[in-house]
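Have the model open and rotate it as you read. The tour starts with one strand, then moves through each chain in turn.

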Amino acid sequence: MIMATHKLDITNEHCPMTFVKTKLKLAQIAKGDRLEVLLLEGEPLQNVPKSATEQGFQVLEVKQIDGPVYQVTIQK
Amino acid sequence: MFDFSEDQINRYSRHILLQDVGVEGQLKIAQGKVLIIGAGGLGAPVALYLAAAGVGTIGIVDGDVVDLSNLQRQVIHFTPDVNRPKVDSAKEKINLINPDVNVITYKEFLTSENALDIIKDYDFVVDGTDNFPVKFLINDACVMAGKPFSHGGILRFEGQTMTYVPGSACYRCLFHMPPPPNAVPTCSQAGVLGAIAGMLGTIQAAETLKYLTGVGELLTNRLLTFNAKTMDFRKIKTHRREDCPICGKNPTITTLVDYEQAVCDLKDRH
């Protein structure tokens with residue numbers, strides 16, 4: 001099975017819309033697919049991976065992209 | 001399928017965040033059709049919360065007009081609504097809270113004549129009525145039509161509620177027949193603490209949303225009662241009765257009946 005990778009930029013969103021937008025995107029992708037989420041350090045970086053894990057998604061990777069911008073890879 | 005607008009995503013964000021509701025659950029709520037019978041003490045909080053939750057279609061049945069004495073607990077009606085039909089007042093508030101909701105009004109009381117026809121288009125029925133004859137009528141009509149419903153009743157400082165789905169204990173499994181007219185006071189005779197209506201109605205609203213989304217366990221085969229004086233809540237286990245006259249093995253009730261009402265209730269209904 002080919003797993004697709006999707007992208008989402010929530011660097012302009014604030015809590016709780018950061019995770020709302022992440023959930024919306026996750027709802028649209030197939031099980032097993034990956035979602036690369038661009039988000040800012042601080043609250044989004046603290047909460048989005050934590051909430052994703054709590055709600056049964058797998059956080060595969062968190063990496064710094066550029067200064068305050070991070071990429072979190074979540075698998076559905 | 002995921003065609004919520006930005007405003008709707010924002011409006012329903014606290015549901016979308018919930019693990020058990022999420023986008024899928026919010027879509028089920030948006031596709032839900034709920035009938036509220038009675039736009040009074042119970043129907044008011046039920047209608048307000050279901051409207052806020054984004055239930056797609058809300059039907060409201062009530063033949064009454066707003067009376068000043070209603071405003072102590074029927075929080076969907078405001079002072080300028082006195083003498084207006086309750087369904088018109090309720091529809092206006094529902095759409096002020098949430099213009100997405102399609103409201104269908106029935107400016108009439110539920111009777112054995114119209115009950116099956118009114119309930120047939122809905123997924124879930126909420127009993128927000130204040131008298132036994134119509135509570136039994138709602139039960140019988142919902143059992144016959146295979147419609148799930150939430151029963152609710154309040155009096156003085158107390159409330160009770162149960163949820164029926166086809167196959168679970170029905171209201172008649174618990175209470176065989178309505179009490180004789182005037183044997184039990186209605187809240188228009190005995191009084192009721194206004195906030196009790198909110199306590200019970202919001203439980204019914206939560207049951208409705210649980211039914212629509214499939215989240216959790218409904219109050220089926222259990223009767224929840226509370227007394228607000230002590231804030232004691234009890235859940236009493238109930239069972240479907242094989243000899244129930246409506247949902248049992250050999251039902252003796254095969255047509256809907258209008259039981260006699262207490263005299264003082266009838267005179268309010270000119």
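A residue counts as buried if 20 or more other C-beta atoms lie within 10 Å of its own. Keep that cut-off in mind for this predicted model. Strand β2 of chain B covers residues 57-61. Four of its five residues are buried, so β2(B) is largely enclosed by the rest of the structure.

Next, look at the strand beside it. Strand β1 of chain B, residues 33-37, pairs with β2(B) in the parallel sense. Five bridges hold the pairing. One of the bridge pairs is easy to locate: Lys33(B) has Thr57(B) as its partner in β2(B).

Now find strand β3 of chain B, residues 102-106, and pick out Val103(B) within it. Is Val103(B) contacted by residues from elsewhere in the chain, and which ones are they once neighbours within four places in sequence are left aside? They are Ile58(B), Ile60(B), Lys91(B), Ile94(B) and Asn95(B). Val103(B) has 19 C-beta neighbours inside 10 Å, so it counts as partly exposed. The threshold for buried is 20 or more. For scale, Val103(B) and Asp64(B) are 39 residues apart in sequence, and their C-alpha atoms are 17 Å apart in space.Turn to the helices of chain B. Helix α4 spans residues 43-53 and helix α5 spans residues 86-97. They pack at an angle of about 30 degrees, with their axes 8 Å apart. That angle makes α4(B) roughly parallel to α5(B). The crossing of the two is right-handed. From α4(B), the contact is made by Ala47(B), Leu48(B), Ala51(B) and Ala52(B). From α5(B), Ala90(B), Lys93(B), Ile94(B) and Ile97(B) take part. By class, seven of these residues are nonpolar, none is polar and one is charged. Ile94(B) also appears among the contacts of Val103(B).

Two loop residues in chain B deserve a look at their backbone. Most residues other than glycine have a negative phi. Asn83(B) is not a glycine, yet its phi is positive, at about 80 degrees. Asn83(B) sits in the loop between β2 and α5 of chain B. With 10 other C-beta atoms within 10 Å, Asn83(B) is exposed. Arg156(B) also has a positive phi, near 55 degrees. Its place is the loop between β5 (149-155) and β6 (158-164) of chain B. Arg156(B) has 15 other C-beta atoms within 10 Å and is partly exposed.

Move to chain A. Four strands form an open sheet here, in the order β1-β2-β4-β3. The pairing is mixed. Which strands stand at the edges? They are β1 (5-9) and β3 (58-66) of chain A. Each has a single partner strand, so one side of each is left without a neighbour in the sheet. From one strand to the next, the twist averages 20 degrees.

Take the β1 end of this sheet. β1(A) runs parallel to strand β2 of chain A, residues 34-40, and five bridges join them. In one of these bridges, Lys7(A) is partnered by Glu36(A) of β2(A). Helix α2 of chain A, residues 43-54, packs on the sheet. It touches β2, β3 and β4 (69-75) of chain A. The direction of α2(A) makes about 155 degrees with that of β2(A).

A second helix meets α2(A). Helix α1 of chain A, residues 17-28, packs against α2(A) at an angle of about 40 degrees, and the axes are 9 Å apart. The two helices are therefore oblique to each other. Their crossing is right-handed. On the α1(A) side, the contact uses Thr18(A), Phe19(A) and Thr22(A). On the α2(A) side, it uses Pro44(A), Asn47(A), Val48(A), Ser51(A) and Ala52(A). By class, this contact has four nonpolar, four polar and no charged residues.

Step back along chain A to the loop between β1 and α1, where Pro16(A) is found. Most peptide bonds are trans. The bond from Cys15(A) to Pro16(A) is cis, with omega near 5 degrees.

Finish where the chains meet. Nine residues of chain A are in contact with nine residues of chain B. On the chain A side, six of the residues are nonpolar, two are polar and one is charged.

Conventions:
Residues numbered from 1 in each chain as written. Chains lettered and ligands numbered in written order. Predicted model: local features only at pLDDT ≥ 70, side-chain atom pairs only at ≥ 80, totals over all residues. Axes fitted to C-alpha atoms, helices over the stretch in contact; angles between N-to-C directions. Parallel < 35°, antiparallel > 145°, perpendicular 65-115°, else oblique. Left-handed = near helix turned anticlockwise from the far one by under 90°. Contact = placed C-beta atoms within 7 Å. Nonpolar A, V, L, I, M, F, W, Y, C, P; charged D, E, K, R; others polar. Buried ≥ 20, exposed ≤ 12 C-beta atoms within 10 Å, placed from the backbone. Pairing = 2+ DSSP bridges.
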